[in-house]
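Q: Could you walk me through this model while I have it open? I would like to go from the record to the sheets, and then to the cores.

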Amino acid sequence: MARLTLSDIHKSFGSTEVLKGISLDVANGEFLSLVGSSGCGKSTLLRIISGLETPDRGTIEIDGKAMTALAPKARGVAMVFQDYALYPHMTVAQNMAMPLIMARLPFHARLPGMKWLTPHLAPLRAEMAGQVEQVAQQLHIDHLLERRPAQLSGGQRQRVALGRALVRNPTLFLMDEPLSNLDAKLRVKVRTEIVDLHRASGLTFVYVTHDQVEAMTMSDRVALLQAGTLLQVAPPATLYAEPQSIDVAKFIGSPEINLLPVCAEPEGLRLGATLLPLSHGFKPGTDLIVGLRPEALRLSAPGLAQLRPAEGPELQLDMVQASIEDLGSEIVVHGAVAALPDIALRIRAQKSLQSGVHKIALPERLSLHAPMATAVIFDINGKRLDPQSVARRQEALA
(Lines give C-alpha, C1' and ligand atoms only; values in the text may rest on other atoms or scores of the structure.)
Protein backbone atom coordinates (compact mmCIF):
# COMPACT_ATOMS: atom_id res chain seq x y z
CA MET A 1 0.00 0.00 0.00
CA ALA A 2 1.06 3.60 -0.51
CA ARG A 3 -0.08 7.09 0.30
CA LEU A 4 0.02 9.46 -2.66
CA THR A 5 0.35 13.22 -2.22
CA LEU A 6 0.17 15.69 -5.10
CA SER A 7 0.97 19.34 -4.39
CA ASP A 8 0.22 22.21 -6.79
CA ILE A 9 0.70 20.23 -10.02
CA HIS A 10 0.86 22.40 -13.14
CA LYS A 11 1.27 21.19 -16.72
CA SER A 12 1.10 22.99 -20.07
CA PHE A 13 1.48 21.78 -23.64
CA GLY A 14 2.63 24.79 -25.61
CA SER A 15 0.35 27.68 -24.75
CA THR A 16 -2.42 25.38 -23.44
CA GLU A 17 -2.50 24.97 -19.67
CA VAL A 18 -3.79 21.46 -19.04
CA LEU A 19 -3.44 21.23 -15.24
CA LYS A 20 -3.89 24.33 -13.09
CA GLY A 21 -2.52 23.61 -9.65
CA ILE A 22 -3.85 20.18 -8.67
CA SER A 23 -3.38 19.21 -5.02
CA LEU A 24 -4.65 15.81 -3.91
CA ASP A 25 -4.06 13.33 -1.09
CA VAL A 26 -4.86 9.63 -1.64
CA ALA A 27 -4.82 7.45 1.49
CA ASN A 28 -3.23 4.02 1.90
CA GLY A 29 -5.40 1.35 0.29
CA GLU A 30 -7.91 3.86 -1.08
CA PHE A 31 -9.71 3.53 -4.43
CA LEU A 32 -9.85 7.04 -5.88
CA SER A 33 -11.35 7.80 -9.29
CA LEU A 34 -10.39 10.80 -11.39
CA VAL A 35 -13.47 11.66 -13.43
CA GLY A 36 -14.31 14.39 -15.90
CA SER A 37 -15.14 15.04 -19.51
CA SER A 38 -12.63 14.41 -22.30
CA GLY A 39 -9.77 16.90 -22.28
CA CYS A 40 -10.10 17.90 -18.62
CA GLY A 41 -6.56 16.70 -17.79
CA LYS A 42 -7.23 13.47 -15.89
CA SER A 43 -5.06 11.20 -18.09
CA THR A 44 -2.26 13.77 -18.08
CA LEU A 45 -2.38 13.80 -14.28
CA LEU A 46 -2.16 10.00 -14.21
CA ARG A 47 0.85 10.03 -16.54
CA ILE A 48 2.54 12.58 -14.28
CA ILE A 49 1.98 10.31 -11.27
CA SER A 50 3.49 7.37 -13.17
CA GLY A 51 6.50 9.39 -14.38
CA LEU A 52 5.60 9.27 -18.08
CA GLU A 53 5.12 13.06 -18.01
CA THR A 54 6.99 15.68 -16.01
CA PRO A 55 5.05 18.49 -14.29
CA ASP A 56 6.03 22.08 -15.03
CA ARG A 57 5.57 22.84 -11.35
CA GLY A 58 4.56 20.95 -8.24
CA THR A 59 5.64 17.85 -6.32
CA ILE A 60 4.69 14.17 -6.12
CA GLU A 61 5.23 12.10 -3.00
CA ILE A 62 4.57 8.40 -2.35
CA ASP A 63 4.71 7.42 1.32
CA GLY A 64 6.43 10.73 2.05
CA LYS A 65 9.24 10.14 -0.46
CA ALA A 66 9.77 12.67 -3.26
CA MET A 67 9.09 11.08 -6.65
CA THR A 68 8.92 14.08 -8.96
CA ALA A 69 12.41 13.59 -10.43
CA LEU A 70 12.49 9.77 -10.36
CA ALA A 71 12.18 7.56 -13.43
CA PRO A 72 8.95 5.50 -13.75
CA LYS A 73 10.65 2.21 -12.86
CA ALA A 74 11.92 3.67 -9.58
CA ARG A 75 8.49 4.71 -8.29
CA GLY A 76 6.98 1.30 -7.45
CA VAL A 77 3.97 2.16 -9.61
CA ALA A 78 2.09 -0.08 -12.05
CA MET A 79 -0.14 1.26 -14.81
CA VAL A 80 -2.86 -0.33 -16.94
CA PHE A 81 -3.53 1.42 -20.24
CA GLN A 82 -6.74 1.92 -22.18
CA ASP A 83 -5.63 -0.23 -25.14
CA TYR A 84 -4.06 -3.05 -23.00
CA ALA A 85 -0.64 -2.65 -24.79
CA LEU A 86 -0.01 -6.42 -24.99
CA TYR A 87 2.73 -7.87 -27.19
CA PRO A 88 0.85 -9.76 -29.94
CA HIS A 89 3.67 -12.25 -30.65
CA MET A 90 3.99 -13.33 -27.02
CA THR A 91 1.87 -15.71 -24.98
CA VAL A 92 -0.14 -14.56 -21.98
CA ALA A 93 2.57 -15.95 -19.67
CA GLN A 94 5.30 -14.09 -21.55
CA ASN A 95 3.33 -10.84 -21.52
CA MET A 96 2.76 -11.09 -17.79
CA ALA A 97 6.38 -12.02 -17.08
CA MET A 98 7.86 -9.14 -19.11
CA PRO A 99 8.06 -6.61 -16.22
CA LEU A 100 9.88 -9.20 -14.08
CA ILE A 101 12.25 -10.10 -16.89
CA MET A 102 13.13 -6.46 -17.54
CA ALA A 103 13.67 -5.73 -13.86
CA ARG A 104 15.48 -8.87 -12.71
CA LEU A 105 17.38 -10.44 -15.62
CA PRO A 106 20.63 -8.92 -16.98
CA PHE A 107 20.53 -7.68 -20.55
CA HIS A 108 22.43 -10.60 -22.09
CA ALA A 109 20.06 -13.11 -20.43
CA ARG A 110 17.07 -11.56 -22.20
CA LEU A 111 18.39 -12.22 -25.70
CA PRO A 112 16.85 -15.05 -27.81
CA GLY A 113 18.30 -18.47 -26.99
CA MET A 114 20.14 -17.28 -23.88
CA LYS A 115 17.83 -19.30 -21.66
CA TRP A 116 19.87 -22.40 -22.50
CA LEU A 117 23.22 -20.61 -22.15
CA THR A 118 22.47 -19.24 -18.68
CA PRO A 119 21.54 -22.33 -16.64
CA HIS A 120 22.63 -20.59 -13.44
CA LEU A 121 19.59 -18.28 -13.87
CA ALA A 122 17.15 -21.21 -14.04
CA PRO A 123 16.04 -20.83 -10.37
CA LEU A 124 15.29 -17.14 -10.93
CA ARG A 125 13.30 -17.92 -14.08
CA ALA A 126 11.34 -20.58 -12.18
CA GLU A 127 10.61 -18.10 -9.39
CA MET A 128 9.28 -15.56 -11.92
CA ALA A 129 7.14 -18.23 -13.61
CA GLY A 130 5.69 -19.07 -10.19
CA GLN A 131 4.78 -15.42 -9.61
CA VAL A 132 3.04 -15.30 -12.99
CA GLU A 133 1.13 -18.49 -12.19
CA GLN A 134 0.03 -17.15 -8.81
CA VAL A 135 -1.30 -13.89 -10.24
CA ALA A 136 -2.96 -15.73 -13.14
CA GLN A 137 -4.83 -17.91 -10.66
CA GLN A 138 -5.92 -14.82 -8.73
CA LEU A 139 -7.37 -13.35 -11.95
CA HIS A 140 -8.78 -16.72 -13.15
CA ILE A 141 -6.70 -16.72 -16.36
CA ASP A 142 -4.27 -19.53 -15.48
CA HIS A 143 -5.86 -21.68 -18.21
CA LEU A 144 -4.97 -19.02 -20.80
CA LEU A 145 -1.23 -18.74 -20.15
CA GLU A 146 -0.20 -20.37 -23.45
CA ARG A 147 -2.55 -18.36 -25.65
CA ARG A 148 -1.68 -15.21 -27.54
CA PRO A 149 -3.64 -11.92 -27.31
CA ALA A 150 -5.38 -12.49 -30.66
CA GLN A 151 -6.95 -15.65 -29.19
CA LEU A 152 -8.48 -13.80 -26.23
CA SER A 153 -11.70 -11.87 -25.73
CA GLY A 154 -11.65 -8.22 -24.69
CA GLY A 155 -12.30 -9.07 -21.06
CA GLN A 156 -9.54 -11.68 -21.03
CA ARG A 157 -7.06 -9.21 -22.54
CA GLN A 158 -7.98 -6.72 -19.85
CA ARG A 159 -7.29 -9.30 -17.14
CA VAL A 160 -3.91 -10.06 -18.73
CA ALA A 161 -3.07 -6.35 -18.62
CA LEU A 162 -4.08 -6.29 -14.95
CA GLY A 163 -1.96 -9.36 -14.28
CA ARG A 164 1.09 -7.87 -15.98
CA ALA A 165 0.83 -4.90 -13.62
CA LEU A 166 0.19 -7.03 -10.52
CA VAL A 167 3.24 -9.31 -10.91
CA ARG A 168 5.46 -6.32 -10.18
CA ASN A 169 3.98 -6.19 -6.67
CA PRO A 170 3.40 -2.43 -6.95
CA THR A 171 2.59 -0.08 -4.09
CA LEU A 172 0.37 2.10 -6.29
CA PHE A 173 -1.93 0.90 -9.08
CA LEU A 174 -2.87 3.34 -11.86
CA MET A 175 -5.61 2.62 -14.42
CA ASP A 176 -6.34 4.80 -17.46
CA GLU A 177 -9.91 4.16 -18.71
CA PRO A 178 -9.34 0.38 -18.77
CA LEU A 179 -12.96 -0.52 -19.61
CA SER A 180 -13.61 1.87 -22.48
CA ASN A 181 -12.96 -0.79 -25.15
CA LEU A 182 -15.40 -3.32 -23.68
CA ASP A 183 -19.08 -3.74 -24.50
CA ALA A 184 -21.65 -2.67 -21.91
CA LYS A 185 -22.34 -6.12 -20.44
CA LEU A 186 -18.66 -7.07 -20.17
CA ARG A 187 -17.85 -3.66 -18.71
CA VAL A 188 -20.12 -4.37 -15.73
CA LYS A 189 -18.48 -7.78 -15.17
CA VAL A 190 -14.89 -6.49 -15.32
CA ARG A 191 -15.85 -3.51 -13.18
CA THR A 192 -16.87 -5.92 -10.42
CA GLU A 193 -13.64 -7.88 -10.86
CA ILE A 194 -11.53 -4.74 -10.45
CA VAL A 195 -13.36 -3.84 -7.23
CA ASP A 196 -12.81 -7.39 -5.93
CA LEU A 197 -9.13 -7.16 -6.91
CA HIS A 198 -8.76 -3.92 -4.96
CA ARG A 199 -10.34 -5.42 -1.85
CA ALA A 200 -8.22 -8.56 -2.06
CA SER A 201 -4.91 -6.81 -2.74
CA GLY A 202 -5.29 -3.83 -0.41
CA LEU A 203 -3.34 -1.70 -2.91
CA THR A 204 -3.91 2.00 -3.49
CA PHE A 205 -5.81 2.49 -6.76
CA VAL A 206 -6.05 5.66 -8.84
CA TYR A 207 -8.56 5.09 -11.62
CA VAL A 208 -9.23 7.45 -14.55
CA THR A 209 -12.60 7.39 -16.30
CA HIS A 210 -15.02 9.68 -18.10
CA ASP A 211 -17.90 7.38 -17.08
CA GLN A 212 -19.57 8.64 -13.92
CA VAL A 213 -21.25 5.25 -13.33
CA GLU A 214 -17.82 3.60 -13.05
CA ALA A 215 -16.58 6.33 -10.74
CA MET A 216 -19.65 6.26 -8.49
CA THR A 217 -19.91 2.47 -8.15
CA MET A 218 -16.24 1.55 -7.75
CA SER A 219 -14.64 4.31 -5.69
CA ASP A 220 -14.07 5.17 -2.06
CA ARG A 221 -13.77 8.78 -3.22
CA VAL A 222 -14.21 10.60 -6.52
CA ALA A 223 -12.14 13.57 -7.71
CA LEU A 224 -13.98 15.62 -10.34
CA LEU A 225 -11.83 17.60 -12.77
CA GLN A 226 -12.96 20.27 -15.19
CA ALA A 227 -10.65 22.19 -17.54
CA GLY A 228 -7.58 21.32 -15.48
CA THR A 229 -9.12 22.34 -12.15
CA LEU A 230 -10.16 20.08 -9.29
CA LEU A 231 -13.79 20.95 -8.52
CA GLN A 232 -14.55 18.56 -5.64
CA VAL A 233 -13.16 15.44 -3.95
CA ALA A 234 -15.66 13.43 -1.92
CA PRO A 235 -17.26 10.00 -1.45
CA PRO A 236 -19.74 9.21 -4.27
CA ALA A 237 -22.85 9.74 -2.11
CA THR A 238 -21.59 13.13 -0.94
CA LEU A 239 -20.71 14.21 -4.47
CA TYR A 240 -24.27 13.37 -5.55
CA ALA A 241 -26.20 14.81 -2.60
CA GLU A 242 -23.98 17.76 -1.67
CA PRO A 243 -22.33 19.16 -4.81
CA GLN A 244 -20.26 22.24 -4.07
CA SER A 245 -21.09 23.90 -7.37
CA ILE A 246 -23.48 23.76 -10.30
CA ASP A 247 -20.74 22.24 -12.47
CA VAL A 248 -20.44 19.28 -10.09
CA ALA A 249 -24.23 18.92 -9.83
CA LYS A 250 -24.60 18.91 -13.63
CA PHE A 251 -21.87 16.31 -14.19
CA ILE A 252 -22.97 13.84 -11.52
CA GLY A 253 -26.31 12.13 -12.07
CA SER A 254 -28.19 10.97 -15.12
CA PRO A 255 -30.33 12.57 -16.44
CA GLU A 256 -28.81 15.93 -15.60
CA ILE A 257 -30.10 17.84 -12.58
CA ASN A 258 -32.96 20.31 -13.12
CA LEU A 259 -31.88 23.91 -12.55
CA LEU A 260 -34.57 26.48 -11.83
CA PRO A 261 -33.69 30.21 -11.69
CA VAL A 262 -35.64 31.78 -8.84
CA CYS A 263 -35.88 35.06 -6.98
CA ALA A 264 -36.06 35.35 -3.20
CA GLU A 265 -39.25 36.79 -1.71
CA PRO A 266 -40.35 36.98 1.92
CA GLU A 267 -42.76 34.04 1.49
CA GLY A 268 -40.44 31.77 -0.51
CA LEU A 269 -38.63 31.52 -3.85
CA ARG A 270 -40.46 32.67 -6.96
CA LEU A 271 -40.20 30.85 -10.28
CA GLY A 272 -42.25 32.82 -12.78
CA ALA A 273 -45.79 32.84 -11.40
CA THR A 274 -45.06 29.89 -9.05
CA LEU A 275 -44.00 30.41 -5.46
CA LEU A 276 -41.80 27.60 -4.12
CA PRO A 277 -42.57 27.08 -0.42
CA LEU A 278 -38.98 27.15 0.82
CA SER A 279 -38.06 29.22 3.84
CA HIS A 280 -34.77 31.05 3.45
CA GLY A 281 -32.71 33.86 4.89
CA PHE A 282 -31.92 35.72 1.70
CA LYS A 283 -32.61 39.34 1.02
CA PRO A 284 -35.77 39.80 -1.10
CA GLY A 285 -34.81 40.27 -4.72
CA THR A 286 -31.76 37.97 -4.49
CA ASP A 287 -31.38 35.78 -7.59
CA LEU A 288 -30.73 32.12 -6.81
CA ILE A 289 -30.79 28.75 -8.57
CA VAL A 290 -32.64 25.73 -7.22
CA GLY A 291 -31.41 22.28 -8.24
CA LEU A 292 -33.76 19.27 -8.23
CA ARG A 293 -32.69 15.77 -9.19
CA PRO A 294 -34.93 14.13 -11.86
CA GLU A 295 -35.56 11.17 -9.55
CA ALA A 296 -36.75 13.49 -6.76
CA LEU A 297 -39.74 14.65 -8.83
CA ARG A 298 -42.97 12.69 -8.29
CA LEU A 299 -45.24 12.03 -11.22
CA SER A 300 -48.63 10.36 -10.81
CA ALA A 301 -49.74 8.23 -13.79
CA PRO A 302 -51.07 4.73 -14.53
CA GLY A 303 -48.26 2.21 -14.69
CA LEU A 304 -45.81 4.19 -12.54
CA ALA A 305 -44.70 3.27 -9.05
CA GLN A 306 -46.38 5.50 -6.49
CA LEU A 307 -43.90 7.12 -4.14
CA ARG A 308 -44.82 7.85 -0.57
CA PRO A 309 -45.89 11.50 -0.15
CA ALA A 310 -43.10 13.66 1.15
CA GLU A 311 -43.01 15.06 4.66
CA GLY A 312 -42.74 18.83 4.81
CA PRO A 313 -43.32 21.44 2.11
CA GLU A 314 -43.49 20.36 -1.51
CA LEU A 315 -42.80 22.10 -4.77
CA GLN A 316 -45.56 21.80 -7.37
CA LEU A 317 -44.99 22.54 -11.04
CA ASP A 318 -46.84 22.07 -14.29
CA MET A 319 -44.75 20.57 -17.07
CA VAL A 320 -45.25 20.34 -20.81
CA GLN A 321 -43.59 17.15 -21.99
CA ALA A 322 -41.66 16.91 -25.24
CA SER A 323 -40.49 13.28 -25.25
CA ILE A 324 -40.40 10.04 -23.24
CA GLU A 325 -37.51 7.59 -23.06
CA ASP A 326 -38.76 4.13 -22.11
CA LEU A 327 -35.89 2.23 -20.46
CA GLY A 328 -37.89 -0.86 -19.52
CA SER A 329 -37.90 -0.62 -15.73
CA GLU A 330 -38.24 3.16 -15.75
CA ILE A 331 -39.00 6.13 -17.94
CA VAL A 332 -37.27 9.47 -18.45
CA VAL A 333 -39.55 12.36 -19.37
CA HIS A 334 -38.11 15.45 -21.05
CA GLY A 335 -40.03 18.70 -21.23
CA ALA A 336 -40.22 22.25 -19.90
CA VAL A 337 -41.93 24.29 -17.20
CA ALA A 338 -45.43 24.97 -18.59
CA ALA A 339 -45.35 28.76 -18.24
CA LEU A 340 -41.59 29.04 -18.87
CA PRO A 341 -40.69 27.05 -22.00
CA ASP A 342 -37.00 28.03 -21.80
CA ILE A 343 -36.54 26.14 -18.52
CA ALA A 344 -35.95 22.46 -19.19
CA LEU A 345 -37.26 19.73 -16.90
CA ARG A 346 -36.29 16.08 -16.66
CA ILE A 347 -38.07 13.39 -14.64
CA ARG A 348 -36.88 9.86 -13.90
CA ALA A 349 -39.71 7.62 -12.72
CA GLN A 350 -39.87 3.92 -11.88
CA LYS A 351 -42.46 1.68 -13.52
CA SER A 352 -44.79 -0.33 -11.33
CA LEU A 353 -44.14 -4.06 -11.75
CA GLN A 354 -47.61 -4.89 -10.43
CA SER A 355 -49.53 -2.67 -12.82
CA GLY A 356 -49.18 -4.83 -15.93
CA VAL A 357 -48.76 -1.64 -17.98
CA HIS A 358 -45.75 -1.97 -20.27
CA LYS A 359 -46.12 1.11 -22.44
CA ILE A 360 -46.56 4.34 -20.51
CA ALA A 361 -48.80 6.97 -22.12
CA LEU A 362 -48.69 10.39 -20.49
CA PRO A 363 -50.79 13.47 -21.15
CA GLU A 364 -49.11 16.46 -22.76
CA ARG A 365 -49.43 18.53 -19.58
CA LEU A 366 -48.19 17.00 -16.34
CA SER A 367 -48.36 17.98 -12.68
CA LEU A 368 -45.14 17.39 -10.73
CA HIS A 369 -44.36 17.33 -7.02
CA ALA A 370 -41.03 17.29 -5.21
CA PRO A 371 -40.09 17.56 -1.54
CA MET A 372 -38.29 20.83 -1.01
CA ALA A 373 -35.95 19.02 1.39
CA THR A 374 -34.26 17.50 -1.68
CA ALA A 375 -33.60 20.90 -3.26
CA VAL A 376 -30.02 22.15 -3.59
CA ILE A 377 -29.61 25.94 -3.66
CA PHE A 378 -26.86 27.76 -5.54
CA ASP A 379 -26.02 31.44 -5.77
CA ILE A 380 -26.05 33.19 -9.12
CA ASN A 381 -22.35 32.34 -9.61
CA GLY A 382 -23.03 28.62 -9.25
CA LYS A 383 -21.65 28.09 -5.72
CA ARG A 384 -23.72 25.84 -3.46
CA LEU A 385 -25.28 27.45 -0.43
CA ASP A 386 -25.28 24.86 2.34
CA PRO A 387 -28.24 24.55 4.75
CA GLN A 388 -26.14 25.78 7.69
CA SER A 389 -25.39 29.06 5.94
CA VAL A 390 -29.09 29.47 5.10
CA ALA A 391 -29.99 28.81 8.75
CA ARG A 392 -27.46 31.38 9.91
CA ARG A 393 -28.98 33.91 7.54
CA GLN A 394 -32.44 33.18 8.98
CA GLU A 395 -31.16 33.65 12.53
CA ALA A 396 -29.48 36.92 11.57
CA LEU A 397 -32.70 38.26 10.06
CA ALA A 398 -34.92 37.08 12.93
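A: Before the record comes up, one point on how to read it: UniProt positions are given in the numbering used here, feature names are shortened, and annotations may be inferred rather than shown by experiment. The model itself is predicted.

Q: Fine, so which residues does UniProt list for "domain: ABC transporter"?

A: The UniProt entry, which is unreviewed, lists residues 4-252 under that name. Over residues 4-252 the chain is 37% helix and 24% strand, with the end C-alpha atoms 25 Å apart.

Q: What is the order of the open sheet of six strands?

A: The order is β6-β7-β8-β3-β9-β10, and the pairing is mixed. From one strand to the next the twist averages 15°.

Q: And which strands stand at the edges?

A: Those are β6 and β10 (229-234), and because each has a single partner strand, one side of each is left without a neighbour in the sheet. Further in, strand β3 (residues 31-35) runs parallel to β8 and is joined to it by five bridges, with Val-35 standing opposite Thr-209 in β8.

Q: Which strands does helix α1 lie across?

A: Helix α1 (residues 42-50) lies across β3, β6, β7, β8 and β9 (221-226), and it runs at about 150° to β7. Helix α5 also packs on the sheet, where it touches β6 and β7, and its direction makes about 170° with that of β6.

Q: Switching to the interior, how many residues has the largest nonpolar core?

A: It has 41 residues, and those with the most contacts inside it are Met-96, Leu-162, Phe-173, Met-175, Ile-194 and Phe-205. Several elements each supply at least two residues of this core, among them α2 (92-104), α4 (122-138), α5 (154-166) and β7 (172-176).

Q: What is Met-96 in contact with, leaving aside its neighbours within four places in sequence?

A: On that basis its contacts include Val-132, Val-135, Ala-136, Ile-141, Leu-145 and Val-160. There is also a second, separate core of 34 residues, which includes Leu-288, Leu-317, Leu-366 and Leu-385.

Q: Going on to strand β16, what joins it to strand β19?

A: Seven bridges join β16 (residues 314-326) to β19 (residues 365-371), and the two run antiparallel; the bridge partner of Asp-318 in β19 is Ser-367. β16 also pairs with β17 (residues 330-337) in the antiparallel sense, over seven bridges, and Met-319 stands opposite Val-337 in β17.

Q: How many residues lie between β16 and β17 in their hairpin?

A: Three residues lie between them, and Gly-328 in the turn has a positive phi of about 90°.

Q: Back to the helices: is Leu-239 buried or exposed?

A: Leu-239, which is found in helix α8 (residues 236-241), is buried, because its relative accessible area is 0% and the cut-off for buried is under 20%. Leaving aside neighbours within four places in sequence, Leu-239 is in contact with Val-222, Gln-232, Ala-234, Val-248 and Ile-252. Of these, Ile-252 is 13 residues away from Leu-239 in sequence and 7.4 Å away in space, C-alpha to C-alpha.

Q: Last topic, cysteines: how many disulfides does a search of the whole structure find?

A: The search finds zero disulfides. As for individual cysteines, Cys-40 is buried, with a relative accessible area of 2%, whereas Cys-263, at 25% relative accessibility, counts as partly exposed.

Conventions: Residues numbered from 1 in each chain as written. Predicted model: local features only at pLDDT ≥ 70, side-chain atom pairs only at ≥ 80, totals over all residues. Heavy atoms only, no water. Disulfide = S-S within 2.5 Å. Buried < 20%, exposed > 50% of the residue type's maximum accessible area, 1.4 Å probe, protein only. Core = buried A, V, L, I, M, F, W, Y, C linked by side-chain atoms within 4.5 Å. Helix = DSSP H or I, 4+ residues; strand = E, 2+ residues; numbered from the N terminus. Contact = heavy atoms within 4.5 Å. Pairing = 2+ DSSP bridges. Axes fitted to C-alpha atoms, helices over the stretch in contact; angles between N-to-C directions.
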